[in-house]
Amino acid sequence: MVDHEGEDSSPADGFGHIPVLLHRADELLGPALTVNDPQGGGAVMIDATLGLGGHSEHFLRTYPQLRLIALDRDPHALEIAGGRLAPFADRVTFVHTRYDGIEDALTQTGLPAEESVHGILFDLGVSSMQLDESDRGFAYSIDAPLDMRMDPTTGITAAEVLNTYGHGDLARILSTYGEERFAGKIASEIVRQRAKEPFTTSAALVELLYRTIPAATRRTGGHPAKRTFQALRVEVNGELDSLRAAVPAALDALTVGGRVVFMSYQSLEDRVVKQEITPRSKSKSPEGLPVELPGMGPEFRILTRGAERASEQEVEENPRSAPVRLRAAERIARRSAA
Ligand SMILES: C[S@@+](CC[C@H](N)C(=O)[O-])C[C@H]1O[C@@H](n2cnc3c(N)ncnc32)[C@H](O)[C@@H]1O
């Protein structure tokens, strides 16, 4: 089963957003953030998904020596968070990039791409601001142009996907990224409908989904548009490819004692994270040897047992935390040469 992000509204923090698992993220990253870098200054942290800057603000306030490199692919998020984090401007470097650009972001900041960072946070997915901005097309509950690009300066829109992809590719996307049972049927309807009139806004797609997905499934499967909208967003933003490239880059960037926290909102993202961190937490020495061979020991220690979920209380206070799966790891040895 793939878990899906919903569009539940959450109580606002003045920026329309409550940072998910903030206390837990601090508990996990904190021990790595109190170091004093011999080069001068405090620890270096990367917020790979700045969003509205909720997590970043907390870390900057809590760790007065912390230097933060804040990444987001959405220029509007950088603008809003830039205003929010203005009181800490001398300790923050903002970089407009996809998170798989970590290496370049570090180079721009004058830091080596390997083993130079003490803490990294990934709070994946879409932000409440992106869902709430009606003209972005992320929300199925608002009729808007079918855009869905997190970075509106580049790439193709959801409407272009719907109007140009073949039946096979549409069905594959809906089935893989949305685990939509009716992927084939929906793809056929999309192809039929666009021959009459190309898709431009979300209402036409939502109406098609209501028509195509049997009412009986709707009662158990949540909103009929949820899976299709998620699938389109993952495709438009190349989310899984970006994450697959970003996790190894993030792990490489951590210094010994450095820690990383990943918060995923769909099981597909969580699987990518798990697949990347698990092998690095295992010994490469041949089994059965009484001692670890030099350079063959695990590079990372996993700090979480499986994927942690939000407590019932947090879900009640902040419904957006319901699907979250958190994993964390600490670098315990330098990279082996192999
Ligand atoms: C859930 S929000 C982060 C919220 C943030 N932690 C806070 O407290 O305000 C996720 C953010 O990650 C950004 N994002 C998603 N995929 C990205 C990618 N591949 N590269 C860079 N940023 C990305 C989105 O634009 C969005 O602003």
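## Exercises on a ligand site and a sheet

In this predicted model, a polar side-chain atom of aspartate 72 lies 2.7 Å from an oxygen atom of the ligand, a pair that counts as a polar contact (N or O atoms within 3.5 Å). Residues are numbered from 1 along each chain as its sequence is written, and side-chain values use heavy atoms, without hydrogens and water. Local features need pLDDT of at least 70 and side-chain atom pairs 80 or more, whereas totals for chains, interfaces and linings use all residues.

**Exercise 1.** Describe the surroundings of the ligand, and find which part of aspartate 123 lies 2.8 Å from a ligand nitrogen atom.

*Solution.* Begin with the shell: 24 residues surround the ligand, the closest being His55, Asp72, Tyr99, Asp123 and Gln130, where a residue is near if one of its heavy atoms lies within 4 Å. Next, take the single contacts: the ligand nitrogen is 2.8 Å from an N or O atom in the side chain of aspartate 123, whereas glycine 53 places a backbone N or O atom 3.1 Å from a ligand oxygen. Finally, consider the area: the ligand taken alone exposes 600 Å², and the protein buries 99% of that (Shrake-Rupley method, 1.4 Å probe).

**Exercise 2.** Work out the order of the seven strands in the open sheet, and then place helix H1 on that sheet.

*Solution.* Reading across, the order is S3-S2-S1-S4-S5-S7-S6, with mixed pairing; strands are DSSP runs of E with at least two residues, and helices are runs of H or I with at least four. At the edges stand strand S3 (92-96) and strand S6 (300-302), each of which pairs on one side only (pairing requires at least two bridges). Strand S5 (254-264) and strand S7 (325-331) pair in the antiparallel sense over six bridges, and arginine 259 has glutamate 330 in S7 as its bridge partner. Helix H1 (22-33) packs on the sheet, touching S1, S4, S5 and S7 (heavy atoms within 4.5 Å). The direction of H1 makes about 165° with that of S5, on a scale from 0 to 180 degrees between N-to-C directions.

Note on methods
Polar contact = N/O pair within 3.5 Å; in protein donor to acceptor, adjacent residues only side chain to side chain.
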